[in-house]
Amino acid sequence: MESYRRIVERIAGDIRDGRLLPGQQLPPQRVFARRHRIAPSTAGRVYGELVRRGLVVGEVGRGTFVRAAPEAPAGRALVEGGGTGDVVNLELNYPSVPGQSELLAPALAPLLRPDVLTEALRPAPAAGTPAAREAAAALLAVPGGPARAGWRPEAGQGLFTGNARRAIAAALASLVPAGGRAGVDELTYPLVKEIAGRLGVRLVPVAGDEEGMRPDALAAAHRSGALSALYLQPALHNPTSRATGERRLAELADVIGDLGLPVVEDRIWSFLRPGAVPLAAHLPGLAHVVDGLSKRVAPGLTVGFLVVPPGRVETVAAAVRSGGWSAGRFALEAAVRWLGDGTVERLVAAKREDARRRQELVREHLAGLRVRSDPGAYVAWWELPAPWRADTFTAAAAAHGIAVTPGTAFTVDPHRTPSAVRLGLASAPPPTLGQALRTLAALARTGPPGG
């Protein structure tokens, strides 16, 4: 009887050499076990190792299929340049608007004076500068209204990192010990999976619905094994662009407060939903709010913001320092100037309008298909028509020169493989985006070869 590792290597070779083709279904595990004269439990180990290597995907209720291509490490396609040539990249999602560089340039000019530059090139503490703390607090504040309270962080609660991803890493590192558990949505930001893996944190998927994470599911997940923290994106969730309403936020806050569970609240896309009150307004002693300028301004010269509960400032600042996640002083000084002269405000207004127009292209070209998206978001979540699966559609789109992100990049449970793709709408010029959406719609309606 062969060892399971030898069987894994043989199947991996069959996939690599093309004897097993993308999209081809493997037999049920019991059938596979009989054919190879191994125990069903050994067959399960074989299939599990193939899934772990990214060679196959297991879909609940459907079976196990050969991937269209080996899976990249979680989040890689979302942060690295995706190929060359004429590829239309709907994976990267960094908004830019006409005249952006012209708006940004004037505030940088004073920083190039030798006397100012000398100071701007010094290291920046995790707590930033007094001017940076005040500017960030003003930016992140959400005004109240007749029927609700607003939210404004205290300047002394603010910390600064190189970008929002580093702020997430610092918050999780300060809250969850190696080997600990953190709750997340069933579909979550891929780089959180990568951060958790590097920190030795186990992510626990918590079920949700159209309104967001379910409070009862969160309580059940905590009962099954204590969670050390919770990561959420209530304002324009990535990848679905779902926005959690105030009633659900209040219900979640009640459960979180009862559990005493710290929260990392990612608000990087919240600028596209003005007035969205953060969960932190309900949980000032538990919420760690993450935001940044990479989407509002540009990814190449950015700053991440981290608002932490009173009493945790020094603990989280220590995590920022030890992780090497601090903001650069030059970027911090530039951010203060852009915030102070109204540049960020003007860019945000332009990007809100840009996102709205791009969503109009989605509604026009993907009409009649199962696309979920907020009218003001830069992403769309597309549940593909049968018999398409995410990996085969992604490969077919790539053959047409279009890069999309398969739903598997966002799943926490490797056995939950949604037949869906995420479309990042921000990076391609609008005419190119429209043509790409038309091509994808035609591809979806044609169906896969042999389907």
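I take contact to mean heavy atoms within 4.5 Å. With that cut-off I looked up where helix α8 (residues 164-175) sits: the helix lies across β5, β10 (229-232), β11 (263-266), β12 (287-292) and β13. Against β12, α8 runs at about 160°.

**Confidence**

I am working from a predicted model. I noted a mean pLDDT of 90 for the chain, with 93% of residues at 70 or more. I then went to residues 70-85, where pLDDT stays under 50. The model has 27 contacts beyond four places in sequence for this stretch. Where pLDDT is low, the predicted coordinates should not be read in detail. I left the stretch there.

**Sheet**

I traced the sheet next. Seven strands make up an open sheet with mixed pairing, in the order β5-β13-β12-β11-β10-β6-β7. The edges are β5 (158-161) and β7 (202-206), each of which pairs on one side only. I recorded an average twist of 25° from one strand to the next.

At the β5 edge I checked the pairing with β13 (residues 304-307): the sense is antiparallel, over four bridges. Gly158 has Val307 in β13 as its bridge partner.

**Salt bridges**

I have 24 salt bridges in the count. I looked at three of them.

Glu119 and Arg122 meet through their side chains at 3.0 Å, N to O. I find Glu119 partly exposed at 36% relative accessible area, and Arg122 partly exposed at 43%. Both residues belong to a salt-bridge network that also links Arg329, Glu333 and Arg337.

Glu211 and Arg248 have their closest N and O atoms 3.4 Å apart in a salt bridge. This pair links distant parts of the chain, 37 residues apart: Glu211 is in the loop between β8 (208-209) and β9 (212-213), and Arg248 is in helix α11 (residues 246-259). Is each partner buried or exposed? Glu211 is partly exposed, at 42% relative accessible area. Arg248 comes out at 6%, so I enter Arg248 as buried.

Glu383 forms a salt bridge with Arg372, and the closest N and O atoms are 3.4 Å apart. Glu383 lies in strand β15 (residues 379-383) and Arg372 in strand β14 (residues 370-372), so this pair ties together parts eleven residues apart in sequence. I entered Glu383 as partly exposed, with 23% relative accessible area. Arg372 also counts as partly exposed, at 26% relative accessibility.

**Aromatic pairs**

I have seven aromatic pairs in the count. For Phe32 and Tyr47, the ring centres are 5.1 Å apart and the planes are at 75°, so I list the pair as edge-to-face. Phe32 is in helix α2 (residues 29-36) and Tyr47 in helix α3 (residues 40-52), 15 residues apart. Phe32 counts as buried at 4% relative accessibility, and Tyr47 as buried at 3%.

I then looked up Trp269 and Tyr378. Why is this pair listed as tilted? The planes of the two rings are at 50°, with the centres 6.0 Å apart; planes under 30 degrees apart would count as stacked and over 60 as edge-to-face, so the pair falls under the rest. Trp269 lies in the loop between β11 and β12, and Tyr378 in the loop between β14 and β15, so the pair ties together parts 109 residues apart in sequence. I have Trp269 as buried at 7% relative accessibility and Tyr378 as buried at 1%. Ring pairs join Trp269, Phe271 and Tyr378 into a cluster.

Terms used:
Residues numbered from 1 in each chain as written. Predicted model: local features only at pLDDT ≥ 70, side-chain atom pairs only at ≥ 80, totals over all residues. Heavy atoms only, no water. Pairing = 2+ DSSP bridges. Helix = DSSP H or I, 4+ residues; strand = E, 2+ residues; numbered from the N terminus. Axes fitted to C-alpha atoms, helices over the stretch in contact; angles between N-to-C directions. Salt bridge = Lys/Arg side-chain N within 4 Å of Asp/Glu carboxyl O. Buried < 20%, exposed > 50% of the residue type's maximum accessible area, 1.4 Å probe, protein only. pLDDT = per-residue confidence, 0-100. Phe/Tyr/Trp six-rings, centres within 6.5 Å; stacked < 30°, edge-to-face > 60°.
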